[in-house]
Amino acid sequence: MYRHVCSRATHDMLSSPAGLPLLPTHDILLGISIHLGLVFRLYGDVQPQAAKEFLAAADGFIRRNIYYSFRHTFFHRVVADVSVHGGDLTARDGTGGTTVAGAPYKPDGKVRLRHDQPFLLSLDAPRRGKYTSRFLVTLKPAPELDDDHVVIGELVSGHEFLREMSKVPVDEFFKPQVNITIVDCGIKTFSSKPKPDPAASADKPAAESKA
Amino acid sequence: MFRALTRSKRALCYAGAATLAMGLAAGFRGARAEDTDPSKAPVRRGIAPQTPPTGTPFLVDPVAWTNEFLENRIDDVKWMFRTRFTEEGRREREEILKIKGNIRPDIRLNDHYRRVYSDEFNDFELLSQDVPQFDYTPLLLSNNRPEIYLDVTIGDGKPQRT
């Protein structure tokens, strides 16, 4: 059981330009931990096709009368402080995955970014250089993933909660002993505010003082 | 002479007369000049024309409406028989109702699929094949770094499958 605490409107309000007060991001109810959202920014300029696939999976799509969405899927593999894997739309246990067209695809990006920082969203489970809906989120810089995995985005908010997710008890196959379920997903209408660049903010007062 | 007819033929005559009377009462009228030449229509002053200028005096064609109504009822009867008296029919009924979205209210379709699967778009031939997919290219053109959210819960209280 989970209590549905957030909707798309709430997400939009949280990231609204008006800067409304933030809602609590955690809710402990009968031992149930609910988070209001992991927000990922997709690099549509670097990997457009993968971004489209992810947008479709977050929005929900239908193929052959079957509805596919990240909603009600699980994070099926958790390696503590290394990576969190999810996005299996079909089997939901890390053996499946699908795309809008139904066939695995080869990302069309001309540049491949490196896994040089934590909290990067990356395509998982390559088969002969082709990928499906499965993804992973890194929790530390992982250069060993650069050959097979494709960075398509980054985590914008929910960093602490992702760290918390990575600490759930797992079995010998890194399968979590408790269900980590995506209870809701979607496309954000308003983008989050970009983080202030410390270098730029450091330059500004200097320029003003010079003037 | 009418008395000389058999009872059944007399009944037929009564039925024909009744039908003719109903047709007349329903607004049957003879051909008028305005039907072929609208300029000859009488000018009505002070009130809006109560009937369409040409064709039937009714807002809908009663004959076509009746035919359509009966066809729909025949389809209903066929659907009823088809979906209630055989196992295949029951399965088909469940599939069609599932397609129409009455089974899983927790699935919120996005705008594209809500339109496709709404009642006004009732094309089962298309639904049985591939449904046209939504194109996210315009979204990427307007915002090349879009954001998605995933609401995650840890430990939903369900028993673990072993």
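Hi everyone. One definition before we start: when I say helix, I mean a DSSP run of H or I with at least four residues, numbered from the N terminus. With that in hand, B:Phe69 belongs to helix α3 of chain B, residues 62-84. Please keep in mind that this is a predicted model.

Let me stay with B:Phe69 for a moment. Its relative accessible area is 37%, so B:Phe69 is partly exposed. B:Phe69 also contributes to a nonpolar surface patch of about 490 Å², together with B:Val60, B:Trp65, B:Leu70 and B:Ile74.

Now over to chain A. Here we have four helices and 11 strands. Of the 211 residues in this chain, 50% are buried. The accessible surface of chain A is about 10,600 Å², and carbon and sulfur atoms account for 57% of that. If you take the contacts in chain A between residues at least 6 apart in sequence, 67% of them join residues at least 24 apart.

Let's look at helix α2 of chain A, residues 48-59. At 1.5 Å a residue, its 12 residues should span 16 Å, and the end C-alpha atoms are indeed 16 Å apart, so the two agree. How many of those 12 residues are buried? Nine are, so α2(A) is largely enclosed by the rest of the structure. Among the buried ones are A:Phe54, A:Leu55 and A:Glu53. Right after α2(A) comes A:Gly60, with a positive phi near 95 degrees.

Next, the strands. Strand β10 of chain A, residues 151-157, is mostly covered, with six of its seven residues buried. β10(A) has an antiparallel pairing with β3(A), residues 38-42, over four bridges. Another antiparallel partner is β8(A), residues 120-123, joined to β10(A) by three bridges. In that second pairing, A:Leu121 is matched with A:Gly153.

From β8(A) we can step across to β9(A), because those two also pair, antiparallel, over three bridges. There, A:Ser122 has A:Leu136 as its bridge partner. And β9(A) in turn runs antiparallel to β7(A), residues 83-86, with four bridges between them. In this case A:Val84 sits opposite A:Val137.

A quick reminder about strands: in a regular strand, side chains alternate between the two faces of the sheet. In β9(A), residues 135-138, A:Phe135 and A:Val137 point one way while A:Leu136 and A:Thr138 point the other, and all are buried.

Finally, charges. The structure holds five salt bridges over all chains. One of them joins A:Arg41 and A:Glu154, with the closest N and O atoms 3.2 Å apart. A:Arg41 is in strand β3 of chain A and A:Glu154 in strand β10, so this pair ties together parts that are 113 residues apart in sequence. Those two residues are bridge partners in the strand pairing as well, and both are buried.

A second pair is A:Asp184 with A:Arg71, whose closest N and O atoms are 3.0 Å apart. A:Asp184 lies in strand β11 of chain A, and A:Arg71 in the loop between β5 and β6, so here too the linked parts are 113 residues apart in sequence. Buried or exposed? A:Asp184 counts as buried, because its relative accessibility is 0%. A:Arg71, at 9%, counts as buried too.

Back in chain B, B:Glu87 forms a salt bridge with B:Arg90, at 3.5 Å between the closest N and O atoms. Both lie in helix α4 of chain B, three residues apart, about one turn of the helix. To close, salt bridges with shared partners connect A:Arg41, A:Glu154 and B:Glu147 into one network. Thanks, everyone!

Key
Residues numbered from 1 in each chain as written. Chains lettered and ligands numbered in written order. Predicted model: local features only at pLDDT ≥ 70, side-chain atom pairs only at ≥ 80, totals over all residues. Heavy atoms only, no water. Patch = residues over 30% accessible without salt bridge, like charges linked within 9 Å, V, L, I, M, F, W, Y side chains within 5 Å. Areas by Shrake-Rupley, 256 points an atom, 1.4 Å probe, with all protein chains shown as cover. Salt bridge = Lys/Arg side-chain N within 4 Å of Asp/Glu carboxyl O. Buried < 20%, exposed > 50% of the residue type's maximum accessible area, 1.4 Å probe, protein only. Contact = heavy atoms within 4.5 Å. Expected span 1.5 Å × (residues − 1).
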